Amino acid sequence: MTGAGGLVRPPWDSLDPDAVQYLGTPYDLNPCLLAIDTIVNSVRPPQRASLVTWAKDRPRHLEKHLFLFWGWREAPLTVVQSGFTSGYGGEGPRALSMALCMVFDKAIPLSQLYVNERLFNAVNRQRTTEKMLEELYVQGDPVEPWAPHYVLVDHKRTIDERTFWPKWHTPSPVFDFLDPELAERCGALYSANMQAAIREAYLVVEERLRSLMSDPSDDGHVLTGHRLIVKALQTESGELTDKSLPHSEREGLFLMFKGAYMNVRNSRAHRSIEEKDQQRAIELIYLADLLLRLLPR
């Protein structure tokens with residue numbers, strides 16, 4: 001099915017709201033830009049993108065924007081939530097210009113969708129329903145790559161001169177000195193989704209524990225979480241417990257693993273936690289690295 005302008009309508013009708021992936025933080029520009037950076041620079045970039053716009057005052061381009069990316073990784077649709085605005089001077093329009101440059105420079109097809117405030121806020125706040133997804137369809141012309149009201153002159157110049165990416169520096173934590181597997185698995189996730197990176201870090205710890213044990217199971221069931229830590233590191237009977245250490249040190253190590261899982265891993269595995277503090281997020285990943293270093297080699 002096609003919308004206005006002859007554009008192909010995306011397959012909204014078969015899209016499950018639970019299959020939509022959300023990245024970035026509403027109205028927080030840096031996580032949104034980092035998410036787009038991660039998406040467009042992936043080994044397998046998205047098939048196409050959409051700029052979703054709610055026009056408070058369309059003639060003056062006083063608008064709010066978010067991005068949709070289709071077919072990235074396993075998700076049929078990835079939403080980068082709104083940190084972007086236009087129609088005035090400031091960080092919001094500057095970030096929008098930079099985000100568009102990222103998409104255009106990687107030659108990812110981009111269309112623009114104008115929606116009403118209700119639908120824009122529902123998508124942006126992760127409250128979409130199946131009916132809303134059916135309501136959202138392509139209804140505008142493709143975005144002009146260098147529309148003067150969206151893309152800033154200095155950003156356009158860096159694209160023309162092929163100096164945009166060297167000047168756009170993605171701030172990222174130093175993973176070089178971490179456990180190699182931890183660095184590889186968390187580094188790829190961190191800029192796009194800090195919560196997912198933290199969860200992944202403690203999954204690495206859990207998998208490492210099982211790999212070091214001769215039998216990481218109980219009655220044929222693979223152990224996870226607290227039960228795995230008990231069998232591996234319990235003070236007197238843990239398979240990986242170093243009996244040459246004083247009892248207090250053995251107990252301390254056991255409690256470190258137990259506390260990290262109960263406080264850090266479980267909270268992020270069982271509910272959505274909005275990670276805004278980059279320093280705290282990387283320190284929690286560093287804690288996982290420390291736990292790995294404390295395990296027997």
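Contact here means heavy atoms within 4.5 Å, a cut-off worth keeping in mind as we walk through the structure. This is a predicted model, in which local features need pLDDT of at least 70 and side-chain atom pairs count only at pLDDT 80 or more, while totals for chains, interfaces and linings use all residues. Residues are numbered from 1 along each chain as its sequence is written, and side-chain values use heavy atoms, with hydrogens and water left out.

Let's start with the sheet. Five strands make up an open, mixed sheet, in the order β1-β4-β3-β2-β5. Strands (E, at least two residues) and helices (H or I, at least four) are DSSP runs, numbered from the N terminus, and two strands pair if DSSP finds at least two bridges between them. At the edges sit β1 (20–23) and β5 (110–115), each pairing on one side only. Strand β2 (residues 48–57) runs parallel to β5, with six bridges in that pairing; there, S50 stands opposite S111 in β5.

Two helices can be placed against these strands. Helix α1 (residues 29–40) packs on the sheet, where it touches β1, β3 (62–72) and β4 (75–86), and its direction makes about 140 degrees with that of β4. Such angles run from 0 to 180 degrees between N-to-C directions, with axes fitted as lines to C-alpha atoms, for helices over the stretch in contact. Helix α3 (residues 117–124) lies across β1, β2, β3, β4 and β5, at about 50 degrees to β3.

Further along comes a helix pair. Helix α7 (residues 180–190) packs with helix α8 (residues 194–212) at an angle of about 160 degrees, the axes being 8 Å apart. That makes the two roughly antiparallel, a label for angles over 145 degrees. Among the residues that meet are L182, C186 and L189 in α7, and A197, A201 and V204 in α8.

Two individual residues round off the tour. Q195 belongs to helix α8, and it counts as buried because its relative accessibility is 10%; buried means under 20% relative accessible area, with a 1.4 Å probe and protein chains only. Leaving out residues up to four places away in sequence, Q195 touches R268, R271, S272, I273, E274 and E275.

W168 is in the loop between α6 (164–167) and α7, and at 12% relative accessibility W168 is buried too. Beyond its neighbours within four places in sequence, W168 is in contact with L33, L34, D37, M98 and M102. The C-alpha atoms of W168 and M98 are separated by 8.7 Å, with the two positions 70 residues apart along the chain.

Terms used. Parallel < 35°, antiparallel > 145°, perpendicular 65-115°, else oblique. Buried < 20%, exposed > 50% of the residue type's maximum accessible area, 1.4 Å probe, protein only.
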